[in-house]
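Could you walk me through this structure in my viewer? I would like to know what to select next and what I will find there.

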Amino acid sequence: MQRIRLLLVDDHILFREGLRRLLVSEPEFETVAECGTAAQALAALVRSPVDIVLLDFDLEDETGTRFISAAQRAGYRGKILMVTAGMSPLDISVARKLGISGIFLKHNSPTSLLDAIRTVAAGGFWTDPRAEQISQDFVKMPAKSTGNQLTPREQDVLQGVFEGLTNKEMAHQMGISLSSVKATLQSLFDKLGVRTRGQLVRIAIERSVETVRES
Amino acid sequence: MTRRILDWSPAALLACGAALIAVLALIDWQVEINATLGFLYIFPMVLLGTVLGWWQLILVAIFCTALSDRLDPFPADMESARDGIIFLTLATTGLLSRTVTKSYRREMESVAARRAAEEQLEFLIESSPAAILTMTADGEILLANPAAHRLLGVAKGSLPGQRITRYIPALGSIPSVDESVKLFRTEMQTRGQRESGEFFLCDVFFSTYITAGGPRLAALVVDASEQLREREEASLQQLLEGSRILVAAVSHEVRNVCGAIGMMHENLARSGTLKGNQDFEALGSLVETLSKIASLELKQSVGRDEPSAVDLNEVLTDLRIVIESTCEESEIELHWRVPPNLPPVYADRHSLMQVLLNLTKNSQRALERLTRKAIRISASRTAGGVSIHFSDSGPGIPPGRKLFQPLQREADATGLGLYLSRAFMRSFRGDLRHDPNAPECTFVLDLAAAGDAEEYRSTLENAAHTSVTG
């Protein structure tokens, strides 16, 4: 039987050591090397052939996805299973684009990690339900507008701010509730990346000037 | 009449003066009377005095005197004395007219300028979004602009004669200016009350002064209630966001440790030596529970707000305002190289500022006992984003130091600054890293240009190839 050659890359020594000892108890796996940094792991890939890299995302000053890019440039064509305590939706998305074979979250049982390695070795993709959920929610999330597109209500509220009206006065003038004015104002703050009314006025004026210049 | 004449154009005045001289000369020539008409030339001299220079007036006076001398029928023995008197009269009249005219015109210009300034001032006061009030020493309102009436919620024109203490009590407590009390020219934040009884927070910029009518107080009042609300809400939001990032980061570490313990527990279970040991099984359950608690944060991680696009030039300018004087006090040279027109980047303005301030504090601590103290901040566009390079002339980071790990023993302060700073940066798709190859102690803040952050992150991964392999 051909053993599955594994490279462990994790900056947590205790986890790495525990995982190595777990893998030793499974005859189908062979741990080629264990590394704490991306540079050590790249060197290990050059020294010995590896079938699967078990890769943590946070590697001290580096990230797992940076390692993937570097390993692929160095000619590594094997599989990569992310074994991580957590990744941001954006990092999951980038890692998937880089061609990883799955994401295993460390809080799951060690037995399921062995299943994950077997699945990946067999050419499958290991999907952790929670990582999958994070990834799907990220895809569904509407992209925040980066332009100056304001809704008519936002424009009205902005006009009110320009005129120096208080929230209450704006609500009265526009015939809407005070909470609606506050919500619209908050939306304006978010869109323009500001936190105060004074900053809002400055940014709104500057951006409208820029828009006029561009047009 | 005089004002109307002065409104004529210089050419018209000149023509009129010349015509008058011609008419007088003609009369003097044609009319045979036993009297000199030379003194009548003072009228054209008055006219010409409004437009000609002093030497031109002297020439005209000489000309008129000569004309009078020629045309008058008097014997030659009286000529010199008479001519002298006529010349002096004409020249003096012309010069006097010139002086009076100049003075009058200057006065008129001054009046016009004052009127224009008054109009501007009146417009400024009337249209000001801030309330402007003037008061007597005992707090009686003398003047109040429309904004003051709006702010205090009273009918237009009803404030003069009222007491300011009814609306802004603190203004009534300001000592009036006299020989013992010096002038006030300052600001304060206080509470006011509208006519309806509603309280509000206001910023008051005030000054005291003395007029012929007695000591006075002028105040510019701005409603700061909305700002207070926004500031408090923003602070709460920032606190929650900071706490969320801190909890996420700590949970991440706990999950890592739980993963390691779980792995060892599994190994021990497989060895069979602790089979049936209840404490061992309980330990396994405890680790599992702790791991579940630490994983709750993962559920929240996608529900948070997306970062906004912020103007990096503005954030960096704000940073400069904040740290410039601090650096000056600490005798640190601040070298600034930030190009204009950096693209908007994904970030939380406040969090990014916190990261930059944390780096500044670290640098200040590192430079404290050095003779050469310098901080360099530069920004440059990268593929799909912007990198801010933050360097100081300090001793640098010792090799092997794990900078971004929490609660470091070697850290000078809490040991959480860099750990949290990187968590902040990553929360808006950026990153914070130490550049060990830079000549000085350098940290690099990578920020994604507002647009496709995913593409930017991929670009970063590729660009990092050199640093990883190196």
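Here is a short tour, stop by stop, through a predicted model.

**Chain B as a whole.** Start by selecting chain B, which has 470 residues, 31% of them counted as buried. Colour it by secondary structure and you can look for 14 helices and 12 strands. Among its contacts with a separation of 6 or more, 64% link residues 24 or more positions apart.

**The sheet.** Next, pick out the five strands of an open sheet in chain B, ordered S7-S9-S10-S12-S11 with mixed pairing. Its edges are S7 (333-337) and S11 (431-435) of chain B, each pairing on one side only. From one strand to the next, the twist averages 15 degrees.

Zoom in on S11(B) and its partner S12(B), residues 441-448: they are antiparallel, with five bridges. Show Arg433(B) here, and you will find Val444(B) of S12(B) opposite.

**Two helices across the sheet.** Now add H10(B), residues 312-329, which lies across S7, S9, S10 and S12 of chain B and runs at about 165 degrees to S7(B). Then add H12(B), residues 417-427; this helix lies across S11 and S12 of chain B, at about 130 degrees to S11(B).

**The cores.** Finally, select Val9(A), Leu81(A) and Met82(A), the residues with the most contacts inside the largest nonpolar core, which has 50 residues. Strand S1 of chain A (residues 4-9) gives the most to this core, five residues. Apart from that core lies another of 38 residues, including Val315(B), Ile332(B), Ala379(B) and Ala448(B).

For a last close-up, centre on Met82(A): its contacts include Leu55(A), Phe57(A), Ile100(A) and Phe104(A).

Conventions. Residues numbered from 1 in each chain as written. Chains lettered and ligands numbered in written order. Predicted model: local features only at pLDDT ≥ 70, side-chain atom pairs only at ≥ 80, totals over all residues. Helix = DSSP H or I, 4+ residues; strand = E, 2+ residues; numbered from the N terminus. Buried ≥ 20, exposed ≤ 12 C-beta atoms within 10 Å, placed from the backbone. Contact = placed C-beta atoms within 7 Å. Core = buried A, V, L, I, M, F, W, Y, C linked by C-beta atoms within 7 Å. Pairing = 2+ DSSP bridges. Axes fitted to C-alpha atoms, helices over the stretch in contact; angles between N-to-C directions. Lists of a residue's contacts leave out its neighbours within four places in sequence.
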